[in-house]
Amino acid sequence: GEEGEKMELLEINSWLQDFFDHSRFRSTELILNKEKLYAYIKPLSFMRALTNIISNAEKYSTHAEFSFEANENNLIFTLEDNGPG
């Protein structure tokens, strides 16, 4: 399913805020970055990946935090939860 979707340059804080605002996630806290960070992503593929990992965290925990940071070449996403695994 990756061939048809094109990469888009997106501002990550805004994209993630919109994603969380329209999601069903209730026990995951989004921690936004203080800087405006941009990245080329495939939005639908990225949305599916995030939905999978956050849904898993919410299934097995009562609280989770999703945050991100950047280094020279990468965005680093962190999902921490209080689940047993």
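What radius of gyration does the protein chain have, and what would a compact globule with 85 residues have?

**Figure 1. Overall view of the protein chain in a predicted model.** The protein chain has a radius of gyration of 13 Å, which agrees with the value near 12 Å that a compact globule with 85 residues would have. Along its principal axes, the C-alpha trace spans about 35 × 30 × 25 Å. The secondary structure comes to two helices and five strands, and from the N terminus on these elements run in the order β-α-β-β-α-β-β. Of the 85 residues, 35% count as buried, while the accessible surface of the protein chain comes to about 6000 Å², with 49% of that area belonging to carbon and sulfur atoms. Among contacts between residues at least 6 apart in sequence, 69% join residues that are at least 24 apart.

**Figure 2. Close-up of the aromatic pairs, with W15 and F19 stacked.** A search of the whole structure finds nine aromatic pairs. In one of them the ring centres of W15 and F19 are 5.5 Å apart and the planes meet at 5°, so this pair is stacked, given that planes under 30 degrees apart count as such. Both W15 and F19 lie in helix α1, which covers residues 12-21, and they are four residues apart, about one turn of the helix. W15 and F19 are both buried. The rings of F20 and F25 have their centres 6.1 Å apart, with their planes at 55°, so this pair is tilted. F20 counts as buried because its relative accessibility is 10%, and F25, at 7% relative accessibility, likewise counts as buried. Ring pairs link W15, F19, F20 and F25 into a cluster with F46, F66, F68 and F77.

**Figure 3. Close-up of L50 in helix α2.** With a relative accessibility of 4%, L50 counts as buried. Leaving aside its neighbours within four places in sequence, L50 is in contact with W15, L16, F19, S55 and F66; of these residues, W15, F19 and F66 also belong to the cluster linked by ring pairs. F77, another member of that cluster, is 27 residues from L50 in sequence and 9.9 Å from L50 in space, C-alpha to C-alpha.

**Figure 4. Close-up of L32 in the loop between β2 (28-30) and β3.** L32 has a relative accessibility of 37% and therefore counts as partly exposed. When neighbours within four places in sequence are left aside, L32 is in contact with N13, Q17 and F68, and F68 is one of the residues in the aromatic cluster. The C-alpha atoms of L32 and L50 are separated by 15 Å, with the two residues 18 places apart along the chain.

**Figure 5. Close-up of E69 in strand β4 (residues 64-70).** E69 counts as partly exposed because its relative accessibility is 45%, a value that lies between the limits of 20% for buried and 50% for exposed. Not counting residues up to four places away in sequence, E69 touches N33, N74, L75 and I76. Measuring from C-alpha to C-alpha in the model, E69 and F20 are 17 Å apart in space, and they are 49 residues apart in sequence.

**Figure 6. Close-up of a nonpolar surface patch made by M7, L9, Y38 and Y40.** The patch has an area of about 480 Å². Y38, one of its residues, is found in strand β3, which covers residues 38-41. At 51% relative accessibility, Y38 counts as exposed, the cut-off for that class being over 50%.

**Figure 7. Close-up of N52 in helix α2 (residues 43-60).** N52 has a relative accessibility of 55% and so counts as exposed, whereas L50, whose place is also in helix α2, counts as buried at 4%. N52 and K36 are 16 residues apart in sequence, and their C-alpha atoms are 25 Å apart in space.

Note on methods. Residues are numbered from 1 along each chain as its sequence is written. This is a predicted model: local features need pLDDT of at least 70, side-chain atom pairs count only at pLDDT 80 or more; totals for chains, interfaces and linings use all residues. Side-chain values use heavy atoms; hydrogens and water are left out. Rings of Phe, Tyr and Trp (its six-membered ring) pair if their centres lie within 6.5 Å; planes under 30 degrees apart count as stacked, over 60 as edge-to-face and the rest as tilted. Buried means under 20% relative accessible area, exposed over 50%, partly exposed in between (1.4 Å probe, protein chains only). Patches are made of residues with over 30% relative accessible area and no salt bridge: like charges are joined within 9 Å, nonpolar side chains (Val, Leu, Ile, Met, Phe, Trp, Tyr) within 5 Å. Accessible areas come from the Shrake-Rupley method with a 1.4 Å probe; for residues, only the protein chains shown count as cover. A salt bridge is a side-chain nitrogen of Lys or Arg within 4 Å of a carboxyl oxygen of Asp or Glu. The radius of gyration is taken over C-alpha atoms; the globule rule is 2.2 Å times the number of residues to the power 0.38. Contact means heavy atoms within 4.5 Å.
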